[in-house]
Amino acid sequence: MTRQITYGQAISEALVQGMELDPNVFIFGLGVDDYKGLFGTTRAAFEKFGKARVFDTPASEGALTGVAIGAALNGKRPVLVHARNDFMFLTLDQMINNAAKWKYTYNGKSSVPFVTRGIIGKGWGQGPTHSQSIQSVFAHFPGIVVAMPSNAYDVKGIILQSLKADCPVVILEHRSLYDIKADVPQSPFTVPFGKAKVVREGTDVTIVASSLMVFEALKAAEVVGRDGVNVEVIDPVTIQPLDEQTIIDSVKKTGRLICADTSWLRCGFSAEVAAVIAENIPECLKAPVKRIGFPNCPSPVSKTLEDVFFPSYKDIVSSVYSVMDKEPGIDIPNLQVVDSFKGPY
């Protein structure tokens, strides 16, 4: 049975089902047993399985990652949750020098299968140290899967896939997605790593968007569609591994590429997507690649400055007209917040 649930509800459902399917799965991290359950994503698991399998921890992220690695090596399936992905900077030595390299070091005879959830935030007034989006850091190093699901269907399927994977998986969840609904099957299912989805077909411009920027891309596509521009939107779902072929096939068709990311541009995901096209089909480009992300400064605190700092569909609309070498034939409207996901699922 399929019904509409929110992104946050899908995370909660996936965790409960994963724990039902595998008694070795447990959840830990700051606030996971709190009455709010990290925006409701861990409360149902705590109520069903109790403190033995869902428990709070001290604020020691590096040590917690070491615990997860040790537990995974002993047959458990840890799910470590960070209320803000910024705290994961403190886990980098354990994640990169231990978890990511373990399978390679032992010639595939031993692995570290565990899941790390990190929440990306904006709009909380969190400022420069709590509003970052650090996917490119983890994606740079071999051995870690990095997923950025943009909708409730994908986040449920990715979590359940991650709980079966033979490697460390980082799942980054944008706080702004938690209340957005999508059609999601009630029964367990998985979404594969490394397979992008064409969430909107088009012929004029390809937009590759990650996480929240998928919704901004869909809003931009709606706007420019009123002016006769047909946009294709691709959601990579995982940025490591990256489905390069789907992106290449789309740009072969449209001849134009925009990449919209939730972080800074330099050495980031958008640069990687641009490199894929530059190295494989530069002759297909009818215009220079456009990249959309953060300005080259730390994120601000105030709502007014956040509105300028964080990219939106208006930035994508402007880039579409730029790569089309076309002046807008319509006024750019203020679209309402999208509260449901209409995708080919």
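This short talk walks through the nonpolar cores, one buried acidic residue, one helix and the cysteines of the structure above.

Before we begin, please keep in mind that this is a predicted model, in which local features need pLDDT of at least 70 and side-chain atom pairs count only at pLDDT 80 or more, while totals for chains, interfaces and linings use all residues. Residues are numbered from 1 along each chain as its sequence is written, and side-chain values use heavy atoms, with hydrogens and water left out.

Let me start with the cores. A nonpolar core is a set of buried Ala, Val, Leu, Ile, Met, Phe, Trp, Tyr and Cys residues joined through side-chain atoms within 4.5 Å, and buried means under 20% relative accessible area, exposed over 50% and partly exposed in between, with a 1.4 Å probe and protein chains only. The largest such core has 45 residues, and Ile27, Val79 and Ile159 have the most contacts inside it. Its largest share, 7 residues, comes from helix α1, residues 7–21; helices (H or I, at least four residues) and strands (E, at least two) are DSSP runs, numbered from the N terminus. Apart from this core lies another, of 40 residues, with Phe28, Ala99, Phe138 and Leu242 among them.

Now to Asp261, which lies in strand β13, residues 257–264. Which charged partner does Asp261 have nearby, if we look for the nearest side chain of opposite charge? That side chain is Arg291, 7.8 Å away, and Asp261 is buried yet has no salt bridge, a salt bridge being a side-chain nitrogen of Lys or Arg within 4 Å of a carboxyl oxygen of Asp or Glu; for charge, Lys and Arg count as positive and Asp and Glu as negative, with His and the chain ends not counted. The side chain of Asp261 does make polar contacts with the side chains of Gln135, at 2.9 Å, and of Ser210, also at 2.9 Å. A polar contact is a pair of N or O atoms within 3.5 Å; within protein, one must be able to donate a hydrogen and the other to accept it, and residues adjacent in sequence count only if both atoms are side-chain atoms.

In helix α9, residues 244–254, Thr246, Ile247, Ile248, Ser250, Val251 and Thr254 are buried. Just after α9, Gly255 takes a positive phi of about 75°.

Finally, the whole structure has 0 disulfides, a disulfide being a pair of cysteine sulfur atoms within 2.5 Å. Cys259 forms none because its sulfur is 14 Å from the closest cysteine sulfur, in Cys267, too far for a bond. Cys259 is buried, at 0% relative accessible area, whereas Cys267 is exposed, at 71%.
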